[in-house]
Amino acid sequence: MPLGEQDKLRLDCFLSRIRKDSDSFLGYPSSKDFDFSIFKDFLHYPINNIGDPFIDGSYKVNSKEFEREVLREVASMLRAPEDNWWGYVTNGGTEGNLYSLYLAREIHPNAMVYFSQASHYSVVKNLHFLNMRHIMIRAQENGEMDYDDLAETINIHRDVPAIIFANIGTTMTEAKDDIKKIQSILDDYAIVNRYIHCDAALSGAIAPFLTPRPAFDFADGADSIAISGHKFIGSPIPCGIVLAKKLAVDRIAQSISYIGTLDTTISGSRNGLTPLFLWHSIRLLGTKGMRARVSKSLEVAAYATERLNQIGVAAWRNENAITVVFPAPSAVLQDKWQLATEGDRSHIVAMPGIENSDIDRFINDMKTDMGIKCAS
Ligand SMILES: *Cc1c(COP(=O)(O)O)cnc(C)c1O
């Protein structure tokens with residue numbers, strides 16, 4: 001039985017609305033330049049990657065072979081130690097962060113977690129779930145961790161292990177904490193028991209292609225990294241990738257092995273489509289394509305900053321960031337362009353799928369908003 005005419009019409013209207021809203025969408029870090037219609041036949045099957053991605057298990061309707069390829073590709077992009085990493089495709093950045101903090105807690109049960117004021121709102125919730133002691137560190141004006149405040153705070157808590165929750169691209173200003181600097185602070189205070197997690201929700205898929213390459217990956221000293229898949233890579237279903245050192249994961253896998261499964265993930269049933277989407281993007285783009293996507297976004301971000309400055313808006317962006325920060329415009333404009341706004345600041349994120357022409361349309365609205373009359 002097909003759906004009734006009224007219901008079909010309702011979906012048509014909904015599609016029009018989504019199209020329209022997605023056409024004036026500048027404030028959130030979602031790529032929209034993808035086409036996954038090639039996967040429509042897979043919608044007929046209950047694909048489920050339940051459990052560990054590296055163990056096929058008895059549920060055979062899974063896409064784990066593609067998930068593993070995605071993980072391998074991302075592991076090499078993030079310079080994970082050969083044969084000593086593990087990971088899975090998550091439901092998003094938040095789950096990857098939660099998972100990583102969980103691993104860190106199992107290794108250092110009495111640790112103090114340090115995270116900056118500019119961290120994503122989900123971090124405090126995650127720490128609450130895990131019941132971990134934590135201290136919020138001041139952020140600098142640009143959103144980067146205040147390293148002096150970190151040093152002072154660590155000095156006071158030298159008796160406990162340190163878990164650092166570093167931001168590689170903060171939500172509001174896309175600032176990147178420097179984990180090399182953080183490690184030298186830990187060295188200074190002789191904190192041997194430490195764990196560094198990088199929340200690279202947005203920038204994890206950008207930073208590997210930047211020059212200079214930010215200090216954020218496994219080779220730079222990270223113990224785990226979480227990325228959102230629907231942000232820079234792009235997916236119609238939210239997803240993410242988490243990678244950690246294998247030894248850390250073995251600990252939690254062992255601790256529950258008495259129930260006879262390798263329940264190494266947070267969710268039991270896991271999305272089987274999103275690994276296919278990620279695999280598709282990786283195959284389609286390759287390293288060269290990803291590098292080009294990063295350059296393109298940087299160009300659009302530079303263009304947006306310049307255009308805003310031209311009309312007298314004090315817009316700025318962090319080095320090599322695709323996020324442009326400026327004083328919040330009127331509520332009407334915030335609403336139309338879906339601008340994420342925090343306090344008195346808004347931002348636009350030059351994600352793949354956003355063109356200079358979109359920026360031009362936005363600038364015209366900004367001019368009207370500011371009462372600037374066009375010559376014509
Ligand atoms: C978006 C974001 C998150 C959360 O990721 P989700 O994929 O939405 O769960 C976490 N941290 C930062 C810095 C983010 O920008």
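Reader: In what order do the strands of the open sheet stand, and how do they pair?

Author: Two strands are said to pair if DSSP finds at least two bridges between them. Helices (H or I, at least four residues) and strands (E, at least two) are themselves DSSP runs, numbered from the N terminus. In this structure, an open sheet of three strands follows the order β8-β10-β9, and its pairing is antiparallel. β8 (323–327) and β9 (340–342) stand at the edges with a single partner strand each, so one side of each has no neighbour in the sheet. From one strand to the next, the twist averages 30 degrees. The model is a predicted one: local features need pLDDT of at least 70, side-chain atom pairs count only at pLDDT 80 or more, and totals for chains, interfaces and linings use all residues. Residues are numbered from 1 along each chain as its sequence is written, and side-chain values use heavy atoms, with hydrogens and water left out.

Reader: Over how many bridges do β9 and β10 pair?

Author: β9 and strand β10 (residues 345–349) are joined in the antiparallel sense over three bridges. R345, in β10, is the bridge partner of E342.

Reader: Which helix packs on the sheet, and which strands does this helix touch?

Author: Contact means heavy atoms within 4.5 Å. Axes are lines fitted to C-alpha atoms, for helices over the stretch in contact, and angles run from 0 to 180 degrees between N-to-C directions. Here, helix α9 (residues 273–310) packs on the sheet and touches β8 and β10. The direction of helix α9 makes about 20 degrees with that of β8.

Reader: How many salt bridges does the structure hold?

Author: A salt bridge is a side-chain nitrogen of Lys or Arg within 4 Å of a carboxyl oxygen of Asp or Glu. The structure holds 21 salt bridges. One of these pairs R17 with D21, at 2.8 Å from N to O.

Reader: Why are R17 and D21 separated by about one helical turn?

Author: R17 and D21 are four residues apart in helix α1, and therefore about one helical turn lies between them. As for accessibility, buried means under 20% relative accessible area, exposed over 50%, and partly exposed in between (1.4 Å probe, protein chains only). R17 counts as partly exposed at 45%, and D21 is partly exposed at 25%.

Reader: Which residue meets R361 in a salt bridge, and is that residue buried or exposed?

Author: The side chain of R361 meets that of D358 in a salt bridge (3.0 Å, N to O). Because R361 and D358 are three residues apart in helix α11 (residues 356–370), about one helical turn separates them. R361 is partly exposed, with a relative accessible area of 33%, whereas D358 counts as buried at 11%.

Reader: Which residues are linked in a network of salt bridges?

Author: The network links R79, K180, R213, D217 and D220.

Reader: Where in the structure is S100 found, and with which residues is S100 in contact?

Author: S100 belongs to helix α3 (residues 93–107). With a relative accessibility of 0%, S100 counts as buried. Neighbours within four places in sequence aside, S100 is in contact with Y195, H197, S224 and V242.
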